[in-house]
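Please open the structure in a viewer and keep the selection panel at hand. The tour proceeds one selection at a time.

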Protein chains: 2
Amino acid sequence: MIVRQAAHVLELLEYFANRRRPATLSEVAQDLGWPRSSTFNLLGTLAERGYLYEPRAREGFYPTPRLFLLAREISEAEPLPEAVTTLLRDLVEETGETAGIAAASGTEVVFIEVCESPRPIRYFARVGLRMPIHITSCGRAILSQMGAAERATILRKVGFERHGPATPMSVAEVEAEIRRSVERGWFQNLAEFSQDLCGVSLPLPLGGRQLALVVAGPLNRMQERIPALAARMRRGLDLALAA
Amino acid sequence: MIVRQAAHVLELLEYFANRRRPATLSEVAQDLGWPRSSTFNLLGTLAERGYLYEPRAREGFYPTPRLFLLAREISEAEPLPEAVTTLLRDLVEETGETAGIAAASGTEVVFIEVCESPRPIRYFARVGLRMPIHITSCGRAILSQMGAAERATILRKVGFERHGPATPMSVAEVEAEIRRSVERGWFQNLAEFSQDLCGVSLPLPLGGRQLALVVAGPLNRMQERIPALAARMRRGLDLALAA
DNA sequence: CTTGTTTGTCCACACCGATGAACAAGGGCG
DNA sequence: CGCCCTTGTTCATCGGTGTGGACAAACAAG
């Protein structure tokens, strides 16, 4: 069950992030399609907690820096090593494709860091983007780091849906692909999840966290280069982890 | 009316900011005193939107950097000039008291920037802290920047409650104090709101925003120094605004 | 293995809170 | 100044949602 008002808080914050200037009650209500009375209550709640203020009289609300301080404290607890973010930038520059770090979230994976390709045709990803854990290269790279029991627990919960001709449709197929990938030395995904999308991943254990490094782009640009790309990622990762 | 689940989102984020490490469903439910089922729904909602992930299997959830990126975008829209934050630090160093920037939020004021005094006995304030607009020095410094009509609108809504012998109890008294302060050249508050608390403020119009610079501390340390302090603040502010 | 305990998930109902509608307050314009 | 349209605020009602409780799964201990 999704908690509507919780989602509305996020929606409101995203709204302000796009807007980048104060909004009156009516503007928020109109733009987000909420009843004025509900908007009134929600803005009131956030204001009462010190998360909204009125920069100028009659120009409406805007978030205080309180959220930023909060988020910074949260993020500083377990930052990614600089060597890793540097590696992402290097990979993007050398390969021209999008690179990122992913982690598990239930039966899905989330990007917790992304460095985007500069090319017009590219894999468009953002921090927070989610995708199924069992049909993505990074998802399987994360699964490979878990014990058999926990992996089974997760895989039992995934809904096997067909996204294309290559999509594996059972736990056994996924387990087999993981085994193959471990032997091969890298994880890959050839349009299992999304047409034309190809990803190459490596497991990235970091302070106990089960993460994955992934480079992804259009199938036609990626396919030929996969082994070389994987080797490059391996080298970069070993260097970064040694640092 | 306060929107419970919206408040819960904030509570949860503050919880993670304090905790600085992942929390399982049960831990959250216990620590925040929520039913497990409700906690389940709330965590699920935030996870689904890409705001939570699981760093390690079976160790529970932690916020992704997505919130941080969001908050940064929001905060970068209208940053305080560096000259202002520098001024705060200088004032704290020279006076030993807490300094901050406040703005309006309905019938209250919120701190949007704070630099705390290092002394053991001090005014304890944080970004997001709120207090009544009509019985604080910074509140009146903000009110003084508004037109008579808007000021009247706000003052009509405040509930005049007695917080001490010096608390003004009517719109007229507040208006009179504002007039006196404008002539005097600074705004002050001698224990009107909180016993022992003394604040000195100056209006700070900044890119159309109606803000206030405030220095506050215990009455006995402040009282003697008010004129000198106000003069120092005036000088600093003029320099900062010129930059 | 079996058992007991903890943790996570599901569901139906009661109740609380979101909302539509009515009202009040602004403020723009002639 | 007075009209009208917009914006903000209040409130009673009904529908949606939070929650208790039952269940299932995972783990720890024996």
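**The DNA strand and its surroundings**

Begin by selecting DNA strand C in this predicted model. Of the atoms of strand C within 4 Å of the protein, 70% belong to sugar or phosphate, and the rest belong to bases.

Next, display the 20 residues that surround DNA strand C; the closest are A:Ser38, A:Arg58, B:Ser26, B:Arg36 and B:Phe40. By class, this surface has five nonpolar, eight polar and seven charged residues.

Now examine individual side chains. Select A:Arg4, where an N or O atom of the side chain is 3.1 Å from a phosphate oxygen of DNA strand C. Move to B:Thr153, which places a polar side-chain atom 3.3 Å from a phosphate oxygen of the strand. Then select B:Arg36: here an N or O atom of the side chain is 2.7 Å from a base oxygen of DNA strand C.

Colour the helices that give two or more residues to this surface: H1 (4-19) and H3 (36-48) of chain A, with H2 (25-32), H3 (36-48) and H7 (148-157) of chain B. Helix H3 of chain A supplies the largest share, four residues.

**The interface of the two chains**

Select chain A and chain B together. Here 62 residues of chain A are in contact with 62 residues of chain B, and the two chains bury about 5800 Å² between them, 61% of it on carbon and sulfur atoms.

Eight salt bridges are found across this interface. To view a salt bridge, select A:Arg58 and B:Glu150, whose side chains meet at 3.7 Å, N to O. Finally, select helix H4 (residues 66-76) of chain A, which provides 10 residues, the largest share of the side of chain A that touches chain B.

Terms used: Residues numbered from 1 in each chain as written. Chains lettered and ligands numbered in written order. Predicted model: local features only at pLDDT ≥ 70, side-chain atom pairs only at ≥ 80, totals over all residues. Heavy atoms only, no water. Contact = heavy atoms within 4.5 Å. Buried area = accessible area lost by both parts, 1.4 Å probe. Salt bridge = Lys/Arg side-chain N within 4 Å of Asp/Glu carboxyl O. Near = heavy atom within 4 Å. Polar contact = N/O pair within 3.5 Å; in protein donor to acceptor, adjacent residues only side chain to side chain. Nonpolar A, V, L, I, M, F, W, Y, C, P; charged D, E, K, R; others polar.
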